[in-house]
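Morning, everyone. I'll keep this brisk. Please look at the structure first, then we'll walk through it.

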Amino acid sequence: MKPLDRILEAAKAAPRHIVLAEGEDQRVVEAAVRAVRAGIATISLVGSRKAVEERLAAVGAGAEEIRIEDPASSPLTPRLAAAFHALRSSKGVDAVAAAEAVRTPLVFAAMMVRENEADGTVGGAVATTADTVRAALQTIGRAPGVGLVSSFFLMMLCASHHVKKGAFVFADCGLVVDPDAAGLADIAITSARSFEVLAARPAKVAMLSFSTVGSATHACVSKVVEATRLAHEAAPGLIIDGELQFDTAFVEAVSAAKAPQSALHGEANVFVFPNLDAANIGYKIAQRIGGATAIGPILQGLAKPANDLSRGCNADDVFHMIAVTVMQAGANARRGA
């Protein structure tokens, strides 16, 4: 089974309630209807009731299939506003400002998740990443024990020309610009957990650099070496190695030549890049030249699932992100989060 098909089947086996913040966007509506009809999720669409109903009618669906939450008239709005006020009053947010904030779709959707009215949320088809992440951080917050909220792309290598096939994680490609060693270690550990949730296989983490096991000396290399040590210390059972060049982490023959003592043996499935420059460039090369399917940016490290979309996404991208969010919500439930 292809990794994406496995994710869809797993989501169908344990569907969750996902709230989509941008319910007036046609791509989002199409994906929502598809997700409900495929049985992978129940869906709430946030937006003007009239506008959402029109979008649903355009794809032959209605409110009997999809719940509509209009922040201007929803019975949830007063409770969510009071909860947001309690949450943010220490930051100077008064009751009036809280009520205004909750009437914005991103905050309304995130507060639904916080208040257990939904299991996860997806936004970003219209809103910027900055706005989407800010709403999630201010309302849902970080998971216990996580020092840094970060992101990753789930990279699918399934084409006939791919020597290796399956799911891989590239992190952090969309959020943390230049993590220090502690931040990089945190990204590595969280990315490993994310991979295991979505791929149902043990993570093998490569800490990437332009150097392999001391082949170069530089402060940038030292950061990766220290991050690897910190990740080992915090998660002693994790299979992780670094610093490694990408080919050493990915190709068995290169690993045998350059890093014969590596625990990865060229079989890494989680690739942690040293900064956002490298990660963002790397995933786009893999996608555009290598033909990999890229799903993301997927957020990790939050107390409950909230995910971002590219503003250039299509309905398929939204549908797949719904499935990923369902998987994350299921993992949260199993942990008792």
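Which residues are linked with Glu117 in a network of salt bridges? They are Arg67, Glu69, Arg79 and Glu115. A salt bridge here is a side-chain nitrogen of Lys or Arg within 4 Å of a carboxyl oxygen of Asp or Glu.

Before the details, the ground rules. This is a predicted model, where local features need pLDDT of at least 70, side-chain atom pairs count only at pLDDT 80 or more, and totals for chains, interfaces and linings use all residues. Residues are numbered from 1 along each chain as its sequence is written, and side-chain values use heavy atoms, with hydrogens and water left out.

Back to the network. Glu69 and Arg67 join through their side chains at 2.7 Å, N to O. Glu69 is buried, at 7% relative accessible area. Arg67 is partly exposed, at 32%. For these words, buried means under 20% relative accessible area, exposed means over 50%, and partly exposed is in between, with a 1.4 Å probe and protein chains only.

Next pair: Arg79 and Glu115, with a salt bridge of 3.5 Å, N to O. Arg79 sits in helix α4 (residues 77–88) and Glu115 in the loop between α6 (105–114) and β4, so this pair ties together parts that are 36 residues apart in sequence. Helices (H or I, at least four residues) and strands (E, at least two) are DSSP runs, numbered from the N terminus. Both partners are partly exposed: Arg79 at 37%, Glu115 at 25%.

How many salt bridges does a search of the whole structure find? The count is 16. Another of them joins Glu226 and Arg229, at 2.7 Å, N to O. Both lie in helix α9 (residues 219–234), three residues apart, about one turn of the helix.

Now strand β4, residues 120–123. Are its two faces covered or open? Both are covered. Gly120 and Val122 are buried on one side, Thr121 and Gly123 on the other. In a regular strand the side chains alternate between the two faces of the sheet.

β4 has partners. Strands pair here if DSSP finds at least two bridges between them. β1 (residues 16–20) runs parallel to β4, joined by three bridges. Leu20 stands opposite Val122. β11 (residues 306–308) also pairs with β4 in the parallel sense, over three bridges. There, Thr121 faces Ala306.

On to helix α1, residues 3–13. Its buried residues are Pro3, Leu4, Ile7, Leu8 and Ala11. Down the helix axis they fall within an arc of 145 degrees, so they line one face. That arc is taken from the directions from the axis to the C-beta atoms. What covers them includes β5 (150–157), β6 (166–171), α8 (181–199), β10 and α13 (315–335).

One residue in β5 is Ser150. Ser150 is buried, at 0% relative accessibility. Contact means heavy atoms within 4.5 Å. Leaving out residues up to four places away in sequence, Ser150 touches Asp172, Leu175, Val176, Ile187, Ile298, Leu299 and Gln300.

Last stop, the surface. Ile289 lies in the loop between α12 (276–288) and β10 (293–300). Ile289 is exposed, with a relative accessible area of 71%.

That's the tour. Questions, please.
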